[in-house]
Amino acid sequence: MKSLGVINTEKFSSELRRRSIDVDGRRILLTNFLGTEQEPDLTVPANCQGYGRVRHFRRQTSPGWPENPLPIDPASKALGLPAAGLLRSQVFQNAACNWRCWYCFVPFNLLSANPHHASMVDVGQMIDWYVAETDRPLVIDLTGGQPDLVPEWIPWMMQELLDRRLDKRVYLWSDDNLSNDYFWRFLTRDQIGLVAGYPNYGRVCCFKGFDEESFQFNTCAQASLYANQFDLFQRLVALGLDIYAYVTLTTPNGTGISQKVARFVDRLQKIDANLPLRTVPLEIKVFSPVAGRVQEIHRAAMRYQEEAISAWNNELVKRFSLELRTLQMCNVPLSSSRPDEHALLQPDTAVRS
C-alpha cells in the first residue's frame with residue numbers, strides 16, 4: 001500500500017464536511033453502491049435505488065474472540081424483540097471519512113466525497129426509499145465514512161421518523177470514529193437535546209488501536225489524537241446516550257502487547273468502571289477492497305491481534321465478576337451515563353454551517 005503520510009485531521013475534516021452536506025436542504029452526500037468495488041462484497045444487492053444496502057449483523061465471531069451483540073441486543077431491547085444471532089439493518093453510508101484505516105472494507109475512493117459514486121440526498125428521500133422497500137429491516141444504520149463529519153444527519157433522521165410516526169417502530173443506529181468534536185461544534189441546542197432524549201437510538205464509537213503507535217498505524221492520523229478519542233467518548237457518555245464502543249487491536253509492534261492492552265482498559269475505566277463490558281474488540285479480516293493495501297506489516301498486525309485479544313479476555317476476567325461479564329451488553333450499567341445538563345445545553349452561539 002502506498003504511504004498516505006500523516007493526515008491533517010482538522011484540515012481534511014473541514015474540507016470533507018464542506019463537500020458532503022447541504023444544511024439548508026437537509027441533504028447528505030450518500031454513497032451509491034452500484035458499480036463500486038464495494039458492491040461485490042454485499043450479501044444481497046443494493047437497494048433504495050443503489051443508495052442503500054441491507055447489512056446482516058452476526059453475533060457469532062471467530063474462536064477466541066468475544067461475540068458481537070451490537071447492535072443486535074440494543075435494537076432488540078428497544079423494539080421489544082427477542083435477542084437473536086442475526087439482525088438485518090437498512091444501511092445508508094455517507095461518502096466521506098477523514099481517516100484512512102488500512103483495514104477499512106470501504107474502498108478509499110468512496111471515502112473522499114467523490115461525486116462519481118455519490119449524490120446529495122435529503123433525509124426525506126432516504127425515508128421514502130426505506131418505506132417503499134418490501135420486507136424492510138426494523139433498524140436503520142447510519143454509517144460511513146464518518147457520519148459525524150455531518151452530525152446533523154442523526155437529528156434530521158430522528159425528526160423525520162418522528163414526523164412519520166415511525167420513531168417507535170424503527171431503531172436508529174450510528175457509527176463514530178471519535179475523530180472530531182463536530183457534534184458539539186455544529187449542532188444546535190435543540191438538536192443535541194433531541195439526540196440525547198431519543199429512546200430508539202444507539203451509538204457505537206470505534207477506538208482505532210490500543211496505544212498511540214497502533215492508532216497512528218491504523219488510521220494514518222497523528223498519534224497525539226489517540227488521547228482525544230477518550231475525551232470525546234466521555235463527552236458523549238455525559239449526554240446519557242445508549243452508547244457502546246468497538247476497538248481494533250492491530251498493531252505494527254509485537255512487543256509488550258499484554259501491558260499495552262491493560263493500559264488501554266485502564267483508560268476505558270477512567271471514563272466508566274464498566275465501559276470495557278460495553279466494548280467489542282473487532283477482528284480485522286481482509287475484504288476485497290483491503291486486499292490491495294495489505295503488505296507484510298499488515299499481515300503481522302493481524303497476527304499480533306490474536307495476542308491482543310487473549311490479553312483483552314484476561315483483563316476482563318481479572319477485573320469483572322462472572323455476573324457482570326455475563327450480562328447482556330445493553331444491560332451493563334454506566335454509572336456516569338446520567339444526562340449532564342452542561343453536556344446537553346450549548347451556548348446560543350452554537351456554530352451552524
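For a protein of 353 residues, a compact globule would have a radius of gyration near 20 Å, and the value for this protein, 19 Å, agrees with that expectation. The structure is a predicted model. Taken along the principal axes, the box filled by the C-alpha atoms is roughly 50 × 45 × 45 Å. Of the 353 residues, 56% count as buried. The accessible surface comes to about 14,800 Å², and carbon and sulfur atoms contribute 50% of this area. Among contacts with a separation of 6 or more, 81% are made by residues that lie 24 or more positions apart.

The secondary structure consists of 13 helices and 10 strands. Seven strands are arranged in an open sheet, in the order β3-β4-β6-β7-β8-β9-β10, with mixed pairing. The edges of this sheet are formed by β3 (53-58) and β10 (279-282), each of which pairs on one side only. From one strand to the next, the twist averages 30 degrees. In general, the strands of a sheet pair through backbone hydrogen bonds, in either a parallel or an antiparallel manner. At one edge of the present sheet, β3 pairs with strand β4 (residues 86-93) in the antiparallel sense, and six bridges connect the two. One residue of this pairing is R53, whose bridge partner in β4 is V91.

Two of the helices are described further. Helix α1 spans residues 9-20 and includes T9. The relative accessibility of T9 is 5%; because buried means under 20%, T9 counts as buried. The side chain of T9 is joined to the side chain of W99 by a polar contact of 3.0 Å. When neighbours within four places in sequence are left aside, T9 is in contact with N98, W99, S179, A221 and L225. W99 thus appears both as a contact of T9 and as its partner in the polar contact.

Helix α8 covers residues 226-238. Its buried residues are Y226, Q229, F230, L232, F233, L236, V237 and A238. An α-helix has 3.6 residues a turn, so residues three or four places apart point the same way. In α8, Y226, Q229 and F233 are among the buried residues, as are L232 and L236. Just after the end of α8, G240 adopts a positive phi of about 85 degrees.

Terms used:
Residues numbered from 1 in each chain as written. Predicted model: local features only at pLDDT ≥ 70, side-chain atom pairs only at ≥ 80, totals over all residues. Heavy atoms only, no water. Helix = DSSP H or I, 4+ residues; strand = E, 2+ residues; numbered from the N terminus. Buried < 20%, exposed > 50% of the residue type's maximum accessible area, 1.4 Å probe, protein only. Polar contact = N/O pair within 3.5 Å; in protein donor to acceptor, adjacent residues only side chain to side chain. Contact = heavy atoms within 4.5 Å. Pairing = 2+ DSSP bridges. Axes fitted to C-alpha atoms, helices over the stretch in contact; angles between N-to-C directions. Rg over C-alpha atoms; globule rule 2.2 N^0.38 Å. Areas by Shrake-Rupley, 256 points an atom, 1.4 Å probe, with all protein chains shown as cover.
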